[in-house]
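Please find below a short note on the structure under review. The comments are set out as numbered points for ease of reference.

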Amino acid sequence: MENKITLSQLARTLAQKMGMPQKKAEAFLKEFFDSIAENVKTDKLVKVKGLGTFKLLWIEARKSVNVATKE
């Protein structure tokens, strides 16, 4: 998935569609994403209809080799 969008780009789109200043859209998005992150930490699962499901997953560390030292 190569298509990425920044918070500023997302805020610009929201601001244009809702007819609001970009700063207000950015503040809303920051608070929205912070709220999701905070609730994922406490509830372990957050579902936002139409957007997706957010949850914490434990991933084991990968073993890798330093190409310079072969360790």
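The points below concern a predicted model, and they take up two helices, a loop residue and a surface patch in turn.

1. Helix α2 covers residues 22–43, a run of 22 residues. From its first C-alpha to its last, α2 reaches 31 Å, close to the 32 Å expected at 1.5 Å a residue.

2. Which residues of α2 are buried? They are A25, E26, L29, I36 and V40. Down the axis of α2, these buried residues fall within an arc of 100°, so they line one face of the helix. As background, an α-helix has 3.6 residues a turn, so residues three or four places apart point the same way. The reader may wish to note that a glutamate, E26, is listed among the buried residues of α2.

3. The other side of α2 carries exposed residues, namely K23, K24, E31, E38, K41 and T42. The buried residues, in turn, have cover that includes helix α1 (7–18) and the strands β1 (45–48) and β2 (52–55).

4. Helix α1 has 12 residues. Its reach from first C-alpha to last is 16 Å, close to the 16 Å expected at 1.5 Å a residue. After α1 comes G19, with a positive phi near 65°.

5. Two residues of α1 merit separate mention. L7 is found in this helix, and it counts as partly exposed because its relative accessibility is 31%, between the 20% limit for buried and the 50% limit for exposed. T13 is also found in α1; its relative accessible area of 35% is why T13 is likewise called partly exposed. The C-alpha atom of T13 is separated by 19 Å from that of D34, and the two residues are 21 residues apart along the chain.

6. What is the sign of phi at K44, the residue that follows α2? The phi of K44 is positive, about 70°, although K44 is not a glycine. Most residues other than glycine have a negative phi. K44 is found in the loop between α2 and β1, and a check of the backbone in the displayed model may begin there.

7. Which residues make the nonpolar surface patch of about 410 Å²? The patch is made by I5, L7, L10, F33 and L51. One of these residues, L7, is the partly exposed leucine of point 5.

Note on methods
Residues numbered from 1 in each chain as written. Predicted model: local features only at pLDDT ≥ 70, side-chain atom pairs only at ≥ 80, totals over all residues. Heavy atoms only, no water. Helix = DSSP H or I, 4+ residues; strand = E, 2+ residues; numbered from the N terminus. Expected span 1.5 Å × (residues − 1). Buried < 20%, exposed > 50% of the residue type's maximum accessible area, 1.4 Å probe, protein only. Arc of directions from axis to C-beta. Contact = heavy atoms within 4.5 Å. Patch = residues over 30% accessible without salt bridge, like charges linked within 9 Å, V, L, I, M, F, W, Y side chains within 5 Å. Areas by Shrake-Rupley, 256 points an atom, 1.4 Å probe, with all protein chains shown as cover. Salt bridge = Lys/Arg side-chain N within 4 Å of Asp/Glu carboxyl O.
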